[in-house]
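I opened the notebook for this chain and went through it one topic at a time. Here is what I looked up, in the order I looked.

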Amino acid sequence: MSADAPRALAVIGATGTAALGVARFLFLALGTAVFLLILLVAWWLYGKLPSIGRGQPAFAWAIEPPGTPGSPLVATHPTRGREEGWQFGGPGTGEPFAALVLAEPDEAGRPFTLTTPQFWQFEPLRALRPQVGGPHYTMTTRWGPFAGRDLIYEEFDGRVRTCIVFRNAFETSAFALGGYYCAAGQQAANAASLACMIDRMKLQPQRESAALTYLGSRAGQPAQCQNTTFYPPGTRRIVRDRKGGVVRMAGGSSDTFPLWPR
C-alpha cells in the first residue's frame, strides 16, 4: 500500500461524515419547514372559521302559535360578515319551523344587493333539497316590502311540507333581512300571517350599525300586515292530492331564491 492510501481513506471518511451532516441538516430543515407550513395553514384556516355564539340578537321575534320557543343565534365570519337572529323548531318535529336572520356584510366586503348575500346560516337547509316555486308573494310591513316564494321539501317520513322563504325587497346595501316559515304539521304557510309576524319584530339594539339605524327609523311606523300574491306565467306549479295536500312541484324551472346558492 502506498503512502497516499491512508490519506485518501481519511479524505473519503471526512467527506462521508460531512455529507452525512449536511443530509441530517437538510432533513431537519425540511421537517422544520413542513411544520411551520402546517402551522401557517392551520392559522389561515382558523381565521376563516366562523365564530358562533348564543348572544342576544339585536331584535326579538315571535312566530305563531304564540309561545313557540326560539333559539338566539349570533355568528360572525372573517369574510362573510355578521348574521344574527332567531331559529325555531326543526325538520321532522311537526312543530313550526322558522328563522329570521339579519345579515350585515364584512367591513371590507362588497355591499349587499337584492340578490346577495347567500345567507350562510341557511346553507345547512340545502340538505333538505328544498324546491322553490309557486306564487310570488309581496308582503308589506312596517319595515318595508318583503318578497317571498313557496319552499317545499320532503320530511323524513315522506310527507311534503310547504313553507315560505322570504327576504327584504327594499334596496339597501347595508344589510339583508330574511328567513323562512313552516307552519306546524302539514299546514301550508300563509303569507298574510307571515307579514304580520315580520311586523311584530322588535328592535333591541345593543350596538350601533347602519342596519340598525335604518330599521330604527321605521320601527315607529304602523304595522301593515298585508300580502299580495301573483302567479307569473310559467311559474312552477304545485301538484296537490285530493285532500289538498302538496305532492310535488310540476314543470321544469330554474327558480331559486337569494338565501343560499342553488
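**Entry 1: a hairpin to begin with.** The model is predicted, and I started at the turn between strand 7 and strand 8. These two strands form a hairpin with 5 residues between them, and Gly158 in that turn has a positive phi of about 95 degrees. I then followed the pairing: strand 7 and strand 8 (residues 160-168) run antiparallel over 9 bridges. As a landmark I noted Ile152, whose bridge partner in strand 8 is Thr162.

**Entry 2: the other neighbour of strand 7.** Next I checked strand 6 (residues 131-141), which pairs with strand 7 in the antiparallel sense, over 9 bridges. A hairpin of 2 residues joins strand 6 to strand 7. Here my landmark was His136, which has Arg149 of strand 7 as its bridge partner.

Is strand 7 largely enclosed, or largely open? I counted 8 buried residues among the 11 of strand 7 (residues 144-154), so the strand is largely enclosed by the rest of the structure.

**Entry 3: the whole chain.** I stepped back for the totals. The chain has 3 helices and 13 strands, and 38% of its 262 residues count as buried. I also looked at contacts between residues at least 6 apart in sequence: 62% of them join residues at least 24 apart.

**Entry 4: nonpolar cores.** I keep in mind that nonpolar side chains in soluble globular proteins tend to be buried together. The largest nonpolar core here has 30 residues, and those touching the most other members are Trp61, Leu102, Met139, Phe146, Tyr181, Leu194 and Met201. Two or more residues each come from strand 4 (81-88), strand 5 (97-104), strand 6, strand 8, strand 9 (176-182), helix 2 (191-199) and helix 3 (210-216). Which element gives the largest share of this core? I found that helix 2 does, with 5 residues.

There is also a second, separate core of 19 residues, which includes Phe97, Tyr153, Phe257 and Leu259.

I then picked Leu102 for a look at its contacts. Leaving out residues up to four places away in sequence, Leu102 touches Phe59, Arg82, Glu83, Glu84, Phe175, Ala176, Leu177, Ala211, Leu212 and Leu215.

**Entry 5: cavities.** My search of the whole structure gave 2 cavities of 30 Å³ or more. I opened the second largest, with a volume of about 50 Å³. Its lining consists of Gly94, Glu155, Arg159, Val160, Arg161, Gly185 and Gln186. I sorted those lining residues into 1 nonpolar, 3 polar and 3 charged.

**Entry 6: backbone oddities.** Most residues other than glycine have a negative phi, and most peptide bonds are trans, so I went looking for exceptions. The bond between Glu64 and Pro65 is cis, with omega about -5 degrees. Pro65 lies in the loop between strand 2 (59-60) and strand 3 (70-77).

Arg129 is not a glycine, yet has a positive phi of about 55 degrees. I placed Arg129 in the loop between strand 5 and strand 6. Is Arg129 buried or exposed? Its relative accessibility is 71%, above the 50% cut-off, so Arg129 counts as exposed.

Cys225 also has a positive phi, near 50 degrees, and sits in the loop between helix 3 and strand 11 (226-230). At 30% relative accessibility, I logged Cys225 as partly exposed.

Methods:
Residues are numbered from 1 along each chain as its sequence is written. This is a predicted model: local features need pLDDT of at least 70, side-chain atom pairs count only at pLDDT 80 or more; totals for chains, interfaces and linings use all residues. Side-chain values use heavy atoms; hydrogens and water are left out. On a 1 Å grid over the protein atoms alone, a cavity is a set of points where a 1.4 Å probe fits but cannot get out, and a pocket is an open set with protein on both sides within 12 Å along at least five of seven lines; lining residues have an atom within 4 Å of a point. Grid points are joined across faces, edges and corners, and a volume is the space filled by probe spheres set on the points. Ala, Val, Leu, Ile, Met, Phe, Trp, Tyr, Cys and Pro count as nonpolar, Asp, Glu, Lys and Arg as charged, and the others, Gly among them, as polar. Buried means under 20% relative accessible area, exposed over 50%, partly exposed in between (1.4 Å probe, protein chains only). Helices (H or I, at least four residues) and strands (E, at least two) are DSSP runs, numbered from the N terminus. Two strands pair if DSSP finds at least two bridges between them. A nonpolar core is a set of buried Ala, Val, Leu, Ile, Met, Phe, Trp, Tyr and Cys residues joined through side-chain atoms within 4.5 Å. Contact means heavy atoms within 4.5 Å.
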